[in-house]
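Please open the model in your viewer and keep the selection tool at hand. The stops below go from a whole chain to single residues.

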Amino acid sequence: MSQLATFEVDKHEKFFNRFLLLLPSKLQSEDSNRLALIYFSLHGLGLLKRLNFSKEELIKYSQFIYNDFLIENEEFVAFRATSAFKQTPEYDFGNLSATLFALLNLLILESDYSSKLNNHKVMKFLSMLQVKEGEHKGSFVPTLREVNGKFEQYGESDLRLCYIAASIRHLMRYDSLSPSERINDIDTSALTEFVLNRINFSGGLSAISDVESHLGFTYCGIGCLRLLNYKFGPEFDDTISWLVHRQVDYPAELYNFDYEYHQEEDIGSFNGRDNKFGDTCYSWWCTGSLALIEPKNLSLVDLDRAKYYLLNTTQNQLLGGFSKDPDSNPDPYHSFLAIASLALWQQYEDIIIENGATTRHAESSSDPEPFKFDGIDEALVITKKSKEFFQHTIHY
Amino acid sequence: MATDYNFDDVETVKINEETPQLCQILYDDEYKHTIGILLGLLQIREYSERALYLTEKALELLASHYTIWIYRYDILVHLNKDLFEELDWCEQVALENEKNYQIWNYRQLIITRILATTDESSKKKFDPHREFPILQSMLESDPKNHHVWSYRMWLVKKFNLFKDDRENEFVNKCISADLWNNSAWSHRFFLKFSQEKDIPEETFATEKVYVQDYIIESPQNPSTWNYLTGIYKKYNKSIVDLEDFCLKFVDIEKIDDPNYVKSSFAIELLAKIFVKQQKNEASIQLYDILGSKYDPIRSNYWDYEKKKLISH
């Protein structure tokens, strides 16, 4: 392992700012993920402590989120995925993930959404999306459709949507209301049961029952439980083992690289499933999961190697940002999750050193003062500053 | 837009491109034109052939927006279209764009409707085997496509294909083509073990031999070792039975010499077996060698496992 590359904070700042300003037409197919792209860029800048909007800009951009994405009708409050559809009320249904990303954006834009959004109506939307019976009972679907004047659920349920629903419930402060005040609550015990039943024989979690364990869905399951205040116990030992085995290594004693999915440059990275390529985003999904179960679990993986992979292999030294793998272009999703990972490891550095053998804590010698990130909330995946704004300002 | 359909009478809806915005998209003319007409048709809830055609164009541009799929489905229902033709259309779309994930959920919706609207007396009935060729071509181009495998599991469950010969033959072929394909192993586990609580002893025995042969062929493969320990867990069998099998890949006397070690997974499982046999010292020795030589990236984890033994 050669010397760690410098963390190019100025270039990353420019990278996110370019995205916030304009997206080229080749990204128009991402129109329905726009709130997510905004979230990656804003919280990415926030983690870099480089989000410098004026008061007027904060208000202006919050207004943009409300104006273009908010849906309020007699029954529920939600956000839409693609702003253009606000012009077609007959076919304009709220979307679960858009609703979460809108709220997370409003937090970092310091907008007190509790004065604008009725929490019971947001929770009504969630209740309408929760699967009430069958093998997916407790889980959620992404959206609704209208059949003969009535709403019906549309789309496939999976653990990602469970996590999103639990996050929204927390952001609506339903977990701090008394049961009698929670007039539109979701069925949290069915949700918990659905998640726990997704733990596979390998310890990993799968999207729906019996499907291959997948690291992204594993994070979502663990995050969902954490947001429901679940207490993790020894039933997660196999999960910890599975998570730790996501870190990629090919010692010469046992591997000769004759399998196309085994790449030497992936060493130190994390993969999402067994025998797959490493990928920047799994740095977050793995170490975020470990930290959610208990922060000291972060000492169980080799963070020096993991850091090397991010800084030296997928960081784009020229354009800023991070790419999925060394052969791809940087994008906001992988850039945000790389930075979120680095921020998380820095946040728990003391605990990691205390619990692990990471005495050889390598820092780039050309960078004697390591860059200080803002803290990160590993359950909501937002900046510490936004979390504090939530705690102090959002009251229902 | 090259088309036989005329949309001149449709009031095109303008997409808001006014500032202030964040992540503003520079839509090209085709996008503005197509989505503009689509929104115009949605406003008047037009269910027509030309609207059906337009949803195809719109989905090429914006596959990730659920509403367009919902609209397309509503058009099919209103026009009472042949849903088998719609399945053919889905196949074209899937083959043209492998990254179009929404197509699989949409396909489930179409099949569910076919089942609800046909019965034994219907001329055309849905045969789940009609799905095999499309799934095969999708998995040939990406053998680990998570969405396609998930769809395949849905199909197996929906039509009870757990013991279907063609399904089982398919998964055998996938494994023999690439015994490192974890998706194929997961699918096999699903076929063999996900349904019944009491699985016949015979299935356990044949599956054990099946996977052990593949471990012998390639000992450093996490997928096969997970499958083996997975069936032990499922059957509540003691892993101590596997001691001799593990020792085929590790010579404990000469464990420092890589010529006598073929698998870190064998060492890992042996360490667990030794704990069960209350040979903690032997187990600690194995964790040490994993951390120092055969799986060093997880050395902290092996230390953590060791500490658990020392503190007990």
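The tour starts with chain A as a whole, then visits one of its helices, the contact between the chains, and a residue of chain B.

**Chain A as a whole**

Bear in mind throughout that this is a predicted model. Select chain A and colour it by secondary structure, and you should find 14 helices and seven strands. Its radius of gyration is 21 Å, close to the 21 Å that the globule rule gives for 396 residues, so chain A is as compact as a globular protein of that length. If you turn the C-alpha trace of chain A along its principal axes, it spans about 65 × 50 × 40 Å. Buried residues account for 55% of the 396 residues in this chain, and, among the contacts in chain A between residues at least 6 apart in sequence, 67% link residues that are at least 24 apart.

**Helix H7 of chain A**

Next, select residues 188-196 of chain A, which form helix H7, and show the side chains. Which residues of this helix are buried? They are A:Thr188, A:Leu191, A:Phe194 and A:Val195. These four cover an arc of only 120° around the axis, and therefore lie on the same side of H7(A). As background, an α-helix has 3.6 residues a turn, so residues three or four places apart point the same way. To see what covers the buried residues of H7(A), add helix H6 (159-171) and helix H8 (215-227) of chain A, which are included in that cover.

**Where the chains meet**

Now bring chain B into view and select the contact, to which chain A gives 65 residues and chain B gives 60 residues. On the side of chain A that touches chain B, at least two residues each come from helix H1 (9-21), strand E1 (22-23), helix H2 (34-47), helix H3 (55-69) and strand E4 (143-147). Coloured by residue class, that side of chain A shows 29 nonpolar, 20 polar and 16 charged residues. Zoom in on E1(A), which is joined by two bridges to strand E1 (residues 24-25) of chain B, the two strands running parallel. There, A:Leu22 has B:Gln24 in E1(B) as its bridge partner.

**B:Ala184**

For the last stop, select residues 182-193 of chain B, which make up helix H9, and pick out B:Ala184 within this helix. Why does B:Ala184 count as buried? The reason is that B:Ala184 has 25 C-beta neighbours inside 10 Å, where 20 or more are required. Beyond its neighbours within four places in sequence, B:Ala184 is in contact with B:Val171, B:Cys174 and B:Ile175. A distance label from B:Ala184 to B:Lys173, 11 residues apart in sequence, should read 9.3 Å from C-alpha to C-alpha.

Definitions and conventions
Residues are numbered from 1 along each chain as its sequence is written. Chains are lettered from A and ligands numbered from 1 in the order in which they are written. This is a predicted model: local features need pLDDT of at least 70, side-chain atom pairs count only at pLDDT 80 or more; totals for chains, interfaces and linings use all residues. Two residues are in contact if their C-beta atoms, placed from the backbone, lie within 7 Å. Ala, Val, Leu, Ile, Met, Phe, Trp, Tyr, Cys and Pro count as nonpolar, Asp, Glu, Lys and Arg as charged, and the others, Gly among them, as polar. Two strands pair if DSSP finds at least two bridges between them. A residue is buried if 20 or more other C-beta atoms lie within 10 Å of its own, exposed if 12 or fewer, and partly exposed in between; C-beta atoms are placed from the backbone. The radius of gyration is taken over C-alpha atoms; the globule rule is 2.2 Å times the number of residues to the power 0.38. The arc is that of the directions from the helix axis to the C-beta atoms.
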